[in-house]
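Good morning, and thank you for coming. Please look at the sequence and the model on the screen while I speak about how the chains meet.

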There are 4 protein chains.
Amino acid sequence: MWMIETSIGNSTRDEIFVRGRNLVTELIGEVDFTEMALLQIGGAMPSKQEKRIANAILVLLSDHGITPSVIAARTTYAGAPESLQGSIASGLLGAGNRLLGTSQNTADMLKAAIQASPKGDATELAVKIVSDYQQRRELIPGFGHPVHTNGDPRAARIFEIAEDCGFRGRHIELITAIEKTASASRGKFIPINAAGAVGAVVADVGWSPMMARSLALIARTAGLLAHIAEEAENPQGMKIWDLVVKNTAAPK
Amino acid sequence: MWMIETSIGNSTRDEIFVRGRNLVTELIGEVDFTEMALLQIGGAMPSKQEKRIANAILVLLSDHGITPSVIAARTTYAGAPESLQGSIASGLLGAGNRLLGTSQNTADMLKAAIQASPKGDATELAVKIVSDYQQRRELIPGFGHPVHTNGDPRAARIFEIAEDCGFRGRHIELITAIEKTASASRGKFIPINAAGAVGAVVADVGWSPMMARSLALIARTAGLLAHIAEEAENPQGMKIWDLVVKNTAAPK
Amino acid sequence: MWMIETSIGNSTRDEIFVRGRNLVTELIGEVDFTEMALLQIGGAMPSKQEKRIANAILVLLSDHGITPSVIAARTTYAGAPESLQGSIASGLLGAGNRLLGTSQNTADMLKAAIQASPKGDATELAVKIVSDYQQRRELIPGFGHPVHTNGDPRAARIFEIAEDCGFRGRHIELITAIEKTASASRGKFIPINAAGAVGAVVADVGWSPMMARSLALIARTAGLLAHIAEEAENPQGMKIWDLVVKNTAAPK
Amino acid sequence: MWMIETSIGNSTRDEIFVRGRNLVTELIGEVDFTEMALLQIGGAMPSKQEKRIANAILVLLSDHGITPSVIAARTTYAGAPESLQGSIASGLLGAGNRLLGTSQNTADMLKAAIQASPKGDATELAVKIVSDYQQRRELIPGFGHPVHTNGDPRAARIFEIAEDCGFRGRHIELITAIEKTASASRGKFIPINAAGAVGAVVADVGWSPMMARSLALIARTAGLLAHIAEEAENPQGMKIWDLVVKNTAAPK
């Protein structure tokens, strides 16, 4: 009969293995968490530069103050303080196609365009993408930010580090061309946001698009835990409830 | 009127701050993810030894092969591959009082015992705890493992590293005493498991018990992401369904 | 070898059974959803009065306008519109020991008190409970409401229906005594809230305390779905984000 | 300034309104849960026939024995019995584009085809749909079942009831044509499954496709609660873990 298959890890009575390495003697105390995460997800120990860019991305995505995810996590904790995992799960569920998870959608879009036209001119590809999204009346993933209207400062920084690590490639080139084209076409600056920049960098490193959303989920778990540790000491969830109710229009 | 309060982070049009530091100029590319997570959750940049023990704990908790959390994440992905975040949330929801989250319950138990009797003899405290749990017919959190019946190899290793970092203290002493007392009382070896060991170490570092479950959630997010990356390439979720159905008894 | 066991349902190539009944020929089109839910959870077809009280409880708990659960569900949907189930899950996670799920905690408290003293005088039991909670500085589950400070209008109504169904018993008597005692002791009216009333009614019907939280979860799933159907047409999640950010105090 | 808007419900100190009706005097004890759910989600009290078909769909979708959702919910409960809502959320997260939530995808597909060609011949539309999905190498949503290979007995029954209610229309006609065309094209019977049938019926009633997934989520909440009530009495989650581990292949 067929068996369940996994190459990630296994254990016996006395030993535990992850990706073929002995967890106790080769990993705990020997590698750090970023290396461990990349080893598990990617299957191989990361290079120095891969580790460096992964750390930069994880730090970048950890927190952005009070976000929709944080609001969900805190209001959930207000109702169910018995379950830390429940409020974290509630917050992570918002890392989707519109916010945060968009890094994956951006990587998918860039990768598809470049695979379809490996030697195509970036500006020509950008023009096509911008016009396709306009026709379908869809937002281009990875662009625009309600607060950082002058440009998301995290985007420029992560591109710098990617370049320094030797990862700047065609995907960063293409997303930069899209920024120019979209801004020209709309007559106002449409900046690459943090999720978009991460998507481009992940694609240039050569990781799968899913890695972009994966890094977002790891980073945001830490960020949400910080908010809930604070919520446990100085609760804001019920105040958020009150604030929203007080600002809800009377029914017609 | 009152305002929502948070000391974790905030942003303006051009800048983002986390714990008072400029995210773009002081954190991205400057600190690694473990430092960032501890800074966010704890409010201060960790010492070298805190970072070292946090990395060891995070690596230790990242994966243990096919666990109930992994089964939940994979079967969820089989039904809803459109939502990576949904399958991760599904897996994290099992990090509770019985599995994985037990590190927090262990830290709570040890901390309460030592706070109530700061100079008490460890063996006497252990005897009292073991008999209290026996009377209430409850399991002592942090003990026993279905696979590692001879002792969980991760426990000894994390105690070693804690000692090496200068963190070995009264909580590790107490949990070790509980292991002896419980084993003697039951007439069979009742080993400290990984979650229990982590709970004791977290308490000895001086972190709050919630930090124990927090580290478990960060670590397991990475582990679950590895399993789902694999699931996307080589699906096992439907096979798990089939296996469980085939092994379900016919109704009476 | 042991097998997985369940008495809820099973299926063959051509037939599906739930609680021993043929789903297609005996249930679909023959019973309504409330009967089906009670049959599944309780194992037997409900009596007319059980069905009536279950419907009243489910209707009562379905919606209360913008609640923390609704805020979580809507902010989650703003980030991840690709997953309806994700936003519903996010909202349900707040049905815990503090809000909504409190019905179960109330039923547990009342049931334990009456089991410990089956013939005890309700006022005496109430005095003991109120003083126990005061000593432990814990809130009595099922009491108080931020909006309905004069009394939760749903509580009186569900007690009326319970009486009409022949279910008014010792648990409703006890919670009413606690309301009087707690209000006298605090010098202000501490009203039974909807969750508390439901907990008392569920206990008087003879259902397990878990049934109280179960009915809350079913009812609130419908309520959250209504909010998300509206959110999809007229999005409020991003407005909630903006509102909360605008009302967040500048960091010190 | 703009305000948060909702037409679902609101409350004052003494009254609660849902869709303009007084919850306490007009709804609790006056309407049943199915009516309440449809009122909330759809905005209007359902007709008798709408209520009847909704009940039939809800009963149909409540349970199908041990499914991936049930496995997720039970393994989650094994780790975190402190949170009933967590295990239900974990189970619901699997109601996605591949399983259960497929009812929505089916309704979307059928509705789009009929809107694009309101008077088109069903067989011609079916041929086009089948060939489009074949070209894209995608599964047609709402077809096939691992157990009910001879046809899903729930599909025929819900079509019967839909007809009896006067709801049989172009969407049921089209899905039936797709079943014939797909089966002929593949040379084996590709049956409409329960989710597919529900999607077609929902579209013929005139509800939005999201209503199909919404009814699935309400129904499955009840089903999952039944499994967890049983799990609390007779735990299977750890046995599922053991079973899966024992049937996992040794790593290469």
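How many residue pairs are in polar contact across the interface of chain B and chain A? The rule finds 23 such pairs, with both residues at pLDDT 80 or more. A polar contact here is a pair of N or O atoms within 3.5 Å; within protein, one must be able to donate a hydrogen and the other to accept it, and residues adjacent in sequence count only if both atoms are side-chain atoms.

Before going further, I should state that this is a predicted model, in which local features need pLDDT of at least 70, side-chain atom pairs count only at pLDDT 80 or more, and totals for chains, interfaces and linings use all residues. Residues are numbered from 1 along each chain as its sequence is written, chains are lettered from A and ligands numbered from 1 in the order in which they are written, and side-chain values use heavy atoms, with hydrogens and water left out.

Let me return to chains B and A. Contact, meaning heavy atoms within 4.5 Å, involves 82 residues of chain B and 82 residues of chain A. The two chains bury about 6,900 Å² between them, and carbon and sulfur atoms give 69% of that area. Buried area is the accessible area (1.4 Å probe) that two parts lose on being put together, summed over both. Of the area that chain B buries against chain A, B:Phe33, B:Val59 and B:Gln85 supply 10%, more than any other three residues.

The rule also finds 4 salt bridges across this interface, each a side-chain nitrogen of Lys or Arg within 4 Å of a carboxyl oxygen of Asp or Glu. One of them links B:Glu5 with A:Lys239, with the closest N and O atoms 3.8 Å apart. On the side of chain B that touches chain A, helix α11 (residues 209–233) of chain B gives the most, with 15 residues. Helices (H or I, at least four residues) and strands (E, at least two) are DSSP runs, numbered from the N terminus.

How are the two copies related? A turn of 180 degrees and a shift of 0.0 Å along the axis lay chain B on chain A with an RMSD of 0.0 Å. That is the relation of a two-fold axis. In chain B, the C-alpha nearest the axis belongs to B:Ala89, at 2.3 Å. The superposition is by least squares on the C-alpha atoms of residues with pLDDT of at least 70 in both copies. Moreover, 100% of the interface residues of chain B are also interface residues in chain A, so the copies meet through the same surface.

I turn now to chains C and B. Here 15 residues from chain C meet 15 residues from chain B, and about 1,400 Å² is buried between the chains, 61% of it on carbon and sulfur atoms. C:Met3, C:Ile4 and C:Asn247 supply 32% of the area that chain C buries against chain B, more than any other three residues. The rule finds 0 salt bridges across this interface, but 6 residue pairs in polar contact.

Finally, chain C has an open sheet of 3 antiparallel strands in the order β1-β2-β3. Its edge strands, each pairing on one side only, are β1 (9–11) and β3 (21–22) of chain C. Strands pair if DSSP finds at least two bridges between them; β1(C) and β2 (residues 16–18) of chain C are joined by 3. The partner of C:Ser11 in β2(C) is C:Ile16.
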